[in-house]
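Got the model open in your viewer? Let's walk through it, one selection at a time.

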2 protein chains.
Amino acid sequence: MILNTIKNVAIVGGTHGNEFTGVYLVKKFDRLPHLIQRSSLEVSTLFANPKAFEVNRRYIDRDLNRCFLRQDLENPTFSSYEDRQAKIINQKLGKKGAPKVDFIIDLHSTTANMKLTIILTTSHPFNLGLGAYLSCINPLVKICLLRSGVDSHVLSSICELGCVIEVGAIAQGVLNATLFQQTEALIQSILDYLEAHNQGRPLPVPSELTCYRYLEAIDYPRNEQGELQGMIHPHLQFKDYEPLNPGDPMFLTFDGEAIAYEGKSTVYPIFINEAAYYEKGIAMCLTERVTVQT
Amino acid sequence: MILNTIKNVAIVGGTHGNEFTGVYLVKKFDRLPHLIQRSSLEVSTLFANPKAFEVNRRYIDRDLNRCFLRQDLENPTFSSYEDRQAKIINQKLGKKGAPKVDFIIDLHSTTANMKLTIILTTSHPFNLGLGAYLSCINPLVKICLLRSGVDSHVLSSICELGCVIEVGAIAQGVLNATLFQQTEALIQSILDYLEAHNQGRPLPVPSELTCYRYLEAIDYPRNEQGELQGMIHPHLQFKDYEPLNPGDPMFLTFDGEAIAYEGKSTVYPIFINEAAYYEKGIAMCLTERVTVQT
């Protein structure tokens with residue numbers, strides 16, 4: 001694969017104000033910048049939503065990580081706190097589609113048991129190679145392909161190359177030392193990979209990558225008023241990335257009735273019981289497990 | 001033990017708006033009231049902080065479960081949303097010290113791994129007997145004695161008899177089906193215990209009760225500006241109720257340095273890494289394990 005040098009890298013934390021891992025990693029890197037220095041890279045940090053962090057909420061007005069559609073960034077009538085923050089970030093790192101940075105690492109956490117998930121911004125071969133490398137050196141790493149980068153509304157879509165690190169299970173508003181250290185180690189591995197690429201001694205990449213590709217989002221059972229009627233079934237709770245087969249229980253109603261998965265083929269749910277997705281009408285995202293060539 | 005009939009029981013949920021277990025149990029009991037009916041009891045439910053639930057936060061203005069000091073309830077200048085709500089609840093269930101209800105069950109959840117914790121409102125012999133009964137029939141049940149009921153600022157302190165059910169580990173803003181069902185079963189056991197008492201055929205109570213008595217709260221390591229400098233040590237995370245000995249690691253700084261417990265005797269930490277306690281300056285509460293006669 002031919003790719004120019006990757007020079008400017010942005011490590012973003014606190015895109016969601018109540019996901020502390022990224023916030024405190026960015027604070028740490030600002031205090032100890034040598035930790036993220038590499039000879040061929042300019043690595044900067046960005047604390048994306050400090051105001052939401054101050055009040056310990058995901059966002060103030062709306063989810064910052066849904067504010068990066070190009071038309072929204074260019075729309076002057078979008079003026080909520082997060083819309084304005086998105087425009088500032090797009091000025092700093094972007095602009096989207098023609099960015100100043102070459103690679104974005106956006107740090108997140110989830111209440112789902114997603115271990116060390118890497119959500120690749122695009123399926124660009126460079127991203128796939130990185131994903132294959134990371135999942136090869138650490139079996140806790142899972143690689144996801146969600147929506148297409150350029151058309152996406154997430155912060156990392158400013159730039160074609162990059163990823164979200166999505167770590168869990170971790171409650172909102174807390175730090176988990178083990179996951180903090182594992183996230184930090186992942187960042188180090190990514191920077192090492194980029195550095196090795198730049199120096200013409202690329203790190204070894206398996207020829208195939210197993211990853212989880214987004215199929216659809218599933219909502220909780222609700223009544224006509226939209227009120228919850230059930231919960232994630234105990235058999236599925238914390239079972240992100242495990243196969244869900246037709247007929248397997250998905251939900252348990254408050255009255256104790258199991259609701260089965262009625263799809264036609266085996267899927268691999270992720271973001272199971274993510275706290276921030278209740279309001280989005282998402283109980284989990286179904287993915288298919290695919291093998292791609294790197 | 002001589003005690004009059006317990007007639008009026010209040011089951012309270014949603015004292016904290018982002019602790020969903022209690023909210024949805026109260027909704028369930030309102031839909032299916034026969035579940036909490038007992039021949040000798042009048043059982044009512046109360047959804048304590050619906051406005052906080054609507055916005056999925058612990059509270060709007062201040063922690064409702066810290067608004068029940070008698071002088072605060074009687075102070076007309078205390079007029080935040082939660083202060084007003086506390087006064088309404090005190091009118092409905094209280095007033096504190098001379099309550100209309102005889103027994104309060106207040107439903108909570110925690111991000112700490114506290115399993116099925118019963119925090120007794122007071123160490124009244126009736127409460128102790130109930131605690132001994134519940135911990136005897138279910139080994140997941142742990143009994144805590146925190147501060148004295150009458151002088152306390154928590155909702156359940158309206159009434160001398162009663163308890164908080166504090167269940168975890170569960171993230172804020174999510175339901176966990178297993179813990180939901182276990183909490184519901186605990187409520188059933190409590191109502192059965194009260195009913196049996198009223199009917200003069202009290203359920204068998206062990207003569208001794210092992211419980212965890214509050215000693216002190218410990219804050220995270222912080223710098224002079226009050227900023228966090230570390231996290232719960234991985235060896236202690238999720239280890240509520242396990243012994244912490246002098247010299248055992250308590251915290252891990254962001255730079256990877258372990259900080260040991262420097263007390264003189266073995267203690268039993270609870271509320272380890274509770275999300276809502278970061279702002280209160282509490283990383284955990286230390287307790288001593290004691291045996292009391294019932």
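Which side chain meets A:Asp63 in a salt bridge? Select A:Lys280: its side chain and that of A:Asp63 are 2.8 Å apart, N to O. (A salt bridge here is a side-chain nitrogen of Lys or Arg within 4 Å of a carboxyl oxygen of Asp or Glu.)

A quick word before moving on: this is a predicted model, where local features need pLDDT of at least 70, side-chain atom pairs count only at pLDDT 80 or more, and totals for chains, interfaces and linings use all residues. Residues are numbered from 1 along each chain as its sequence is written, chains are lettered from A and ligands numbered from 1 in the order in which they are written, and side-chain values use heavy atoms, with hydrogens and water left out.

**Stop one: the two domains of chain A**

Color chain A by domain: domain 1 is 8-206 and domain 2 is 211-293, with bounds from an automatic or database domain assignment. Their centres, taken over C-alpha atoms, sit 25 Å apart. Domain 1 of chain A brings 21 residues to the contact and domain 2 of chain A brings 19, contact meaning heavy atoms within 4.5 Å. Now show A:Thr111, A:Asn113 and A:Leu145, which supply 26% of the area that domain 1 of chain A buries against domain 2 of chain A, more than any other three residues. The area buried between these domains is about 1,800 Å² (accessible area, 1.4 Å probe, that two parts lose on being put together, summed over both).

**Stop two: chain B against chain A**

Zoom out to both chains. A rotation of 180 degrees with 0.0 Å of shift along its axis lays chain B on chain A, RMSD 0.0 Å, after least-squares superposition on the C-alpha atoms of residues with pLDDT of at least 70 in both. That is the relation of a two-fold axis. To find the axis, pick B:Ala171: in chain B, its C-alpha is the nearest to the axis, at 2.3 Å.

Next, select the interface. Chain B and chain A give 32 residues each, and 100% of the interface residues of chain B are also interface residues in chain A, so the copies meet through the same surface. About 2,600 Å² is buried between the chains, with carbon and sulfur atoms giving 57%. Show B:Leu175, B:Met231 and B:Phe254 as sticks; this trio supplies 21% of the area that chain B buries against chain A.

Last pick: B:Asp255 and A:Arg31, a salt bridge with the closest N and O atoms 3.0 Å apart. Between chain B and chain A the count is four salt bridges.
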